[in-house]
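Trainee: Could we go through this structure together, one question at a time, so that I can learn how to reason from it?

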Amino acid sequence: MGDVEGVVTGAAAGAGSAGSAGGTVAGAAAPTAPAGAGAPAGEWEREPHPSDSLRTFGAVVQALREHAGLSRVDLGARVQYSKHTVESVELGRRMPDEAFVERAEEALGNTGALRRASRHLSRGEAGFAAWFRRWARLEREAISLCTYECRLVPGLLQSEGYARTVFEGTIPLRTDEELEAQLAARMERQAMMRERPRVPFSFIVEEHVFRRRFGDARAMRELFDHVLERSAPRNVTLQVVPSGAGLHACLDGPVQVLETAEGRRLGYSEGQENGRLISDVKVVSVLCQRYDTLRSQALNPKESRALLERMRGEA
């Protein structure tokens with residue numbers, strides 16, 4: 001495994017904590033790939049773009065919407081998504097899920113065009129920082145994923161409102177287009193949890209992360225509802241490290257560990273303006289030991305859900 005990825009480090013200008021727990025930072029500076037990193041020439045020098053199929057599908061949605069005399073707000077109300085989601089789909093920045101396709105089909109004339117076109121959609125990687133892109137690809141094919149976070153709610157569990165607030169606070173500031181690309185990529189990334197029900201996803205999150213306010217009571221409740229919904233399936237485990245737990249095994253910072261279909265284990269850590277992909281066998285082994293130890297120090301899943309439900313009531 002030692003020669004699979006090497007250790008890849010890279011700076012992403014202005015990424016900061018907006019990239020944490022998700023790596024979706026548009027316009028990030030590309031890192032330098034070491035020899036043997038396995039990336040094709042030019043892979044690290046450019047940001048990905050929406051796929052042609054997403055752009056085409058989005059153009060069809062927009063054309064049908066305008067033909068029906070509807071605004072994005074109007075269509076959003078009919079399909080039960082925000083106008084920002086409608087915009088992201090129309091611009092090819094977001095993969096529409098099945099519910100969006102079905103509701104949009106019904107709202108825009110039931111021509112069958114959207115249902116048929118949706119079968120040919122392929123994901124682009126708009127909004128992913130160059131230094132996170134490789135991990136995101138590994139993540140989509142992993143047979144297990146473990147995540148510890150002490151700064152932000154993990155990207156795979158963030159509500160749209162929470163993610164938007166995170167990106168809006170990014171320094172340096174992003175353009176509206178960049179922000180929407182980041183948001184679309186982060187929300188689309190969550191689809192893999194629904195699409196891969198046999199893959200175990202484990203999350204360990206510090207209690208203070210959930211107590212940090214980012215909006216009004218409604219926004220906080222939406223976050224808790226979203227986290228509780230995303231962590232409800234049997235293949236998802238969420239444990240909270242209570243504030244009174246004291247010092248523990250993962251104080252060096254957030255970390256993710258995955259296992260590939262070939263049985264290799266890889267790690268990923270993220271800090272100020274950088275992401276680090278780790279494949280050294282000994283280092284990854286230490287990360288796994290720390291994570292396993294922290295599991296025994298955190299609340300069990302049932303206790304964790306009960307705590308989040310109480311916090312929701314207090315919001």
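**Working through the model**

Mentor: Keep in mind that this is a predicted model. The buried residues of helix H12 pack against helices H8 (160-168), H9 (176-189), H10 (191-195), H11 (207-211) and H14 (301-314), and also against strand S4.

Trainee: Which residues of H12 are the buried ones?

Mentor: H12 covers residues 217-230, and its buried residues are the ones that pack against the helices I listed and against S4. Read in sequence order, the buried residues are Ala219, Met220, Leu223, Phe224, His226, Val227, Leu228 and Arg230.

Trainee: What span should the 14 residues of H12 have, and how far apart are its end C-alpha atoms?

Mentor: The expected span is 1.5 Å times one less than the number of residues. For the 14 residues of H12 this gives 20 Å, and the prediction agrees with the model because the end C-alpha atoms are apart by 20 Å.

Trainee: Which residue caps the N-terminal end of H12?

Mentor: Look for a side-chain oxygen that lies 3.2 Å from the backbone nitrogen of arginine 218. The residue that provides this oxygen, and so caps the N-terminal end of H12 by a polar contact, for which the cut-off is 3.5 Å, is aspartate 216.

Trainee: Is alanine 232 buried, exposed or partly exposed?

Mentor: Alanine 232 sits in the loop between H12 and S4, and its C-alpha is 9.1 Å from that of arginine 305, although the two are 73 residues apart in sequence. Buried needs a value under 20% and exposed one over 50%. Because alanine 232 has a relative accessibility of 48%, it counts as partly exposed.

Trainee: How many residues of strand S3 are buried, and which way do they point?

Mentor: In a regular strand the side chains alternate between the two faces of the sheet. In S3, Phe201, Phe203 and Val205 point one way, whereas Ser202, Ile204 and Glu206 point the other way, and all are buried. The number of buried residues in S3, which spans residues 201-206, is six of six.

Trainee: Which strands pair with S3, and in what sense?

Mentor: On one side, five bridges join S3 to S2 (residues 144-149), with tyrosine 148 opposite isoleucine 204. Six bridges join S3 to S4 (residues 236-241), where valine 240 is the bridge partner of valine 205. The strands that pair with S3 are therefore S2 and S4, and in both cases the sense is parallel.

Trainee: How are helices H3 and H4 oriented to each other?

Mentor: H3 (residues 72-79) and H4 (residues 83-90) pack with their axes 8 Å apart, at an angle of about 105°. Because angles of 65 to 115 degrees count as roughly perpendicular, H3 is, relative to H4, roughly perpendicular.

Trainee: Is arginine 94 buried or exposed?

Mentor: Arginine 94 lies in the loop between H4 and helix H5 (98-107), and its side chain makes a polar contact of 3.1 Å with the side chain of threonine 85. Beyond its neighbours within four places in sequence, arginine 94 is in contact with residues including Leu54, Glu160 and Met187. Because its relative accessibility is 14%, arginine 94 counts as buried.

Trainee: Where is the residue that a cis peptide bond joins to isoleucine 171?

Mentor: The peptide bond in question has omega of about 0°, and the residue it joins to isoleucine 171 is proline 172. Proline 172 is found in the loop between H8 and H9.

Terms used: Residues are numbered from 1 along each chain as its sequence is written. This is a predicted model: local features need pLDDT of at least 70, side-chain atom pairs count only at pLDDT 80 or more; totals for chains, interfaces and linings use all residues. Side-chain values use heavy atoms; hydrogens and water are left out. Buried means under 20% relative accessible area, exposed over 50%, partly exposed in between (1.4 Å probe, protein chains only). Helices (H or I, at least four residues) and strands (E, at least two) are DSSP runs, numbered from the N terminus. Two strands pair if DSSP finds at least two bridges between them. Contact means heavy atoms within 4.5 Å. A polar contact is a pair of N or O atoms within 3.5 Å; within protein, one must be able to donate a hydrogen and the other to accept it, and residues adjacent in sequence count only if both atoms are side-chain atoms. Axes are lines fitted to C-alpha atoms, for helices over the stretch in contact, and angles run from 0 to 180 degrees between N-to-C directions. Angles under 35 degrees count as roughly parallel, over 145 as roughly antiparallel, 65 to 115 as roughly perpendicular and the rest as oblique.
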